[in-house]
Amino acid sequence: MIPTPPIDVTGLDPITARVENNGPTAALVCALGDDVDDPLAWLRAHREHIDAALHGYGAVLLRGLPPEMSLFEEVVTLIGGRTEIGVNIDTSTEYRPDERIPMHNEDSHAASWPRLLFFMCETPAEWGGYTPIADSRSVFQSLPQDLLERFAHGVRYTRTYRDDLGLGWREAFQTDSRAKVERYCREHGMAFSWDGPRLLTSTTRPAWRDEPRSGARVWFNQANLFHLAALGDEVREALLEAFPERYLARNAHFGNGTPIPPEDLLRVEQTYDDCALTLPWHRGDLLIIVNMLMAHGRTPYRGARRIWVATA
């Protein structure tokens, strides 16, 4: 359990603010609504409070905003500290509605990752479609010591880029030049090899890191997303019957190259579930999370759902 940081929310007038806290994970929830005529002016006036809450709890939810793309862009620019013109906005990952997206920290398998994630709800689902969050500090502290010892060498991520299964390397790297791909791999610490038309890559990253602002140790990897166990039994067995394991789109091993037992990943998933805090979406909600401090996922849903996403 992460101690609740001493953040003063009494100075956020005229809005009502409260802390949603399930023990392992907490978020500051600010209901703006009709009490705030100019959300941007309010954010500018209380930016220090928001920043303190973000880096204390890891998440801030602003409620009652007009779901306008222009406002979303301005909030990303203000809170994210962007100075360039334009903000990259996307809709949340288009997985099938009946699929669950496992908890993860964005790009934690990569050499670099976004500092902040922004989600704004234009259309909530009729049922489900939540974006649960879990404090990465609590996740690390809750994992058993023997599991942490097995992950001490980090996580080795392997990818196979092939046109007939998942992404081909031309689409993934947006180039027809093998030389450019090889240069990118070298610059990002990725081992690579060519097998006919296929590109195979491998990179080893830490299983946990220290968040630079607080120094807190956080569970920060995507072993649970890359590992074959994430495919489900039927899909995994069908793919292994059709292709050698090394030719599957992606996989994860311990950093020393040994297999990760599925039961270890089940324990990680259970820890995420135990720490998860779910704040149902309402139209006009804007959720901001510190990527290293807070993992996120998505629950299955029914009906139309549209969530805008931006990073900084």
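**Cavity, cores and domains**

Biologist: In this predicted model, how is the lining of the second largest cavity made up by class?

Modeller: By class, that lining holds 4 nonpolar residues, 1 polar residue and no charged ones. The residues concerned are Leu61, Thr131, Leu279, Trp281 and Leu287; because Leu and Trp count as nonpolar, while residues outside the nonpolar and charged lists count as polar, Thr131 is the polar member.

Biologist: Why is the second largest cavity called a cavity?

Modeller: The name is used because a 1.4 Å probe fits there but cannot get out. The volume of the second largest cavity is about 40 Å³, so it passes the limit of 30 Å³ or more used in the search, which found 2 cavities in the whole structure.

Biologist: What makes the largest set of nonpolar residues a core?

Modeller: Its 35 residues, among them Trp42, Leu62, Ile79, Phe118 and Leu286, are called a core because they are buried and joined through side-chain atoms within 4.5 Å. Helix 3 gives the largest share of this core, 6 residues. Apart from it lies another core, of 24 residues, including Leu147, Trp219, Phe254 and Cys275.

Biologist: How do you know that domain 1 and domain 2 touch?

Modeller: The chain is divided into domain 1 (16-139 + 276-311) and domain 2 (141-271), and their centres, taken over C-alpha atoms, are 26 Å apart. Contact means heavy atoms within 4.5 Å, and since 22 residues of domain 1 meet that condition with 25 residues of domain 2, the two domains are therefore in contact.

How values were computed: Residues are numbered from 1 along each chain as its sequence is written. This is a predicted model: local features need pLDDT of at least 70, side-chain atom pairs count only at pLDDT 80 or more; totals for chains, interfaces and linings use all residues. Side-chain values use heavy atoms; hydrogens and water are left out. Buried means under 20% relative accessible area, exposed over 50%, partly exposed in between (1.4 Å probe, protein chains only). Helices (H or I, at least four residues) and strands (E, at least two) are DSSP runs, numbered from the N terminus. On a 1 Å grid over the protein atoms alone, a cavity is a set of points where a 1.4 Å probe fits but cannot get out, and a pocket is an open set with protein on both sides within 12 Å along at least five of seven lines; lining residues have an atom within 4 Å of a point. Grid points are joined across faces, edges and corners, and a volume is the space filled by probe spheres set on the points. Domain bounds come from an automatic or database domain assignment.
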